[in-house]
Amino acid sequence: MADLKERLLPLKPQSAINLRGTTSQASASGRQPFQGLDLSGLKKRGQGLRSWIRVDTSGNSQVIEVDKFTMMRRCDLPARDLRLLDPLFVYPSTILGREKAIVVNLEQIRCIITADEVLLLNSLDSYVLQYVVELQRRLTSGVGEVWQPEGPELNRRSCRNFDNVYGSPSPDYLPFEFRALEVALESACTFLDSQVRVN
């Protein structure tokens, strides 16, 4: 029985064996003095590098490896917001608007959207890759798709006022953050639609 137990249980670290063999003197209060453990073999939490796909405003993408604290400083986000993106945890779909970033957790799409880039957790999931491709397509197509008013309900005067206020006749023009968020929402809807069709 002892032979089977030795084969199945992990080996004890040398530091634990040494702690048992040493005798220590009790302090004046009767407590044993603190004996440190050898933690050199343990990995610190939160220090590992993560692979991210970075897509900038012109549609260029690259894979970068960044640790959690660098990402927190880069996007000015608290750790609890980055926890939403962790693939090991299951959180409900969430969109968080922060001062300098939008944190998106929609089904398969987990990303951080800032004013000049999208940082997407690198994954081999097909929906993530479709998101990157669609975002790049929309960013490189530019603002060429201008909305044209149709019908008599919009008179020339209201169009002229719109031009004066916004400088562009296109109400469909969106900043980079909203275009990236729109593609994320469409990807999540596509994923959910495919799940409904399968079931």
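## A salt-bridge network

E134, R137, R138, E182 and E186 hang together in a network of salt bridges. Keep in mind that this is a predicted model. One link in that network is easy to find: R138 and E134 meet through their side chains, with 2.7 Å from N to O. Both residues sit in helix α5, four residues apart, which is about one turn of the helix. That spacing fits a general rule: an α-helix has 3.6 residues a turn, so residues three or four places apart point the same way.

How buried or exposed are the two partners? R138 is partly exposed, with a relative accessible area of 21%, and E134 also counts as partly exposed, at 22%. The cut-off for buried is under 20%.

## Salt bridges that reach across the chain

A search of the whole structure turns up nine salt bridges. One of them joins R50 and D86, whose side chains come to 3.2 Å, N to O. This pair links distant parts of the chain: R50 belongs to strand β1, while D86 sits in the loop between α4 (79-83) and β3, 36 residues apart. R50 is partly exposed, with a relative accessible area of 33%, whereas D86 is buried at 11%.

Another salt bridge pairs E117 with R54, and here the closest N and O atoms are 2.5 Å apart. E117 lies in strand β6 and R54 in strand β1, so the pair ties together parts that are 63 residues apart in sequence. E117 counts as buried, at 6% relative accessibility. As a general point, side chains of opposite charge can pair when their charged atoms come close.

## The sheet

Where do those strands fit? Six strands make up an open sheet, ordered β2-β1-β6-β5-β4-β3, with antiparallel pairing. The edges are taken by β2 (61-67) and β3 (94-97); each has a single partner strand, so one side of each is left without a neighbour in the sheet. From one strand to the next, the twist averages 20°.

Strand β1 (residues 49-56) and β2 pair in the antiparallel sense over seven bridges. R54, the salt-bridge partner of E117, also has a bridge partner in β2, namely Q62. Helix α3 (residues 68-75) packs on the sheet, where it touches β1, β2, β5 (109-113) and β6 (117-121). The direction of α3 makes about 115° with that of β2.

## Helix α7

Helix α7 (residues 176-198) runs for 23 residues and reaches 33 Å from its first C-alpha to its last, close to the 33 Å expected at 1.5 Å a residue.

Which residues of α7 are buried? They are F176, R179, A180, L181, V183, A184, S187, A188 and F191. As for what they pack against, the buried residues of α7 meet β1, β3, β4 (102-106), β5, β6 and α5 (126-141). Helix α5 is also where the R138 and E134 pair sits.

## How far to trust it

Averaged over the chain, the pLDDT is 74, and 61% of the residues score at least 70. Two stretches are worth flagging. Over residues 15-24 the pLDDT is below 50, and this stretch has 10 contacts in the model beyond near neighbours in sequence. Residues 143-171 also have a pLDDT below 50, with 16 contacts in the model beyond near neighbours in sequence.

Notes. Residues are numbered from 1 along each chain as its sequence is written. This is a predicted model: local features need pLDDT of at least 70, side-chain atom pairs count only at pLDDT 80 or more; totals for chains, interfaces and linings use all residues. Side-chain values use heavy atoms; hydrogens and water are left out. Two strands pair if DSSP finds at least two bridges between them. Helices (H or I, at least four residues) and strands (E, at least two) are DSSP runs, numbered from the N terminus. Axes are lines fitted to C-alpha atoms, for helices over the stretch in contact, and angles run from 0 to 180 degrees between N-to-C directions. Contact means heavy atoms within 4.5 Å. The expected span of a helix is 1.5 Å times one less than its number of residues. Buried means under 20% relative accessible area, exposed over 50%, partly exposed in between (1.4 Å probe, protein chains only). pLDDT is the predictor's confidence in each residue, from 0 to 100. A salt bridge is a side-chain nitrogen of Lys or Arg within 4 Å of a carboxyl oxygen of Asp or Glu.
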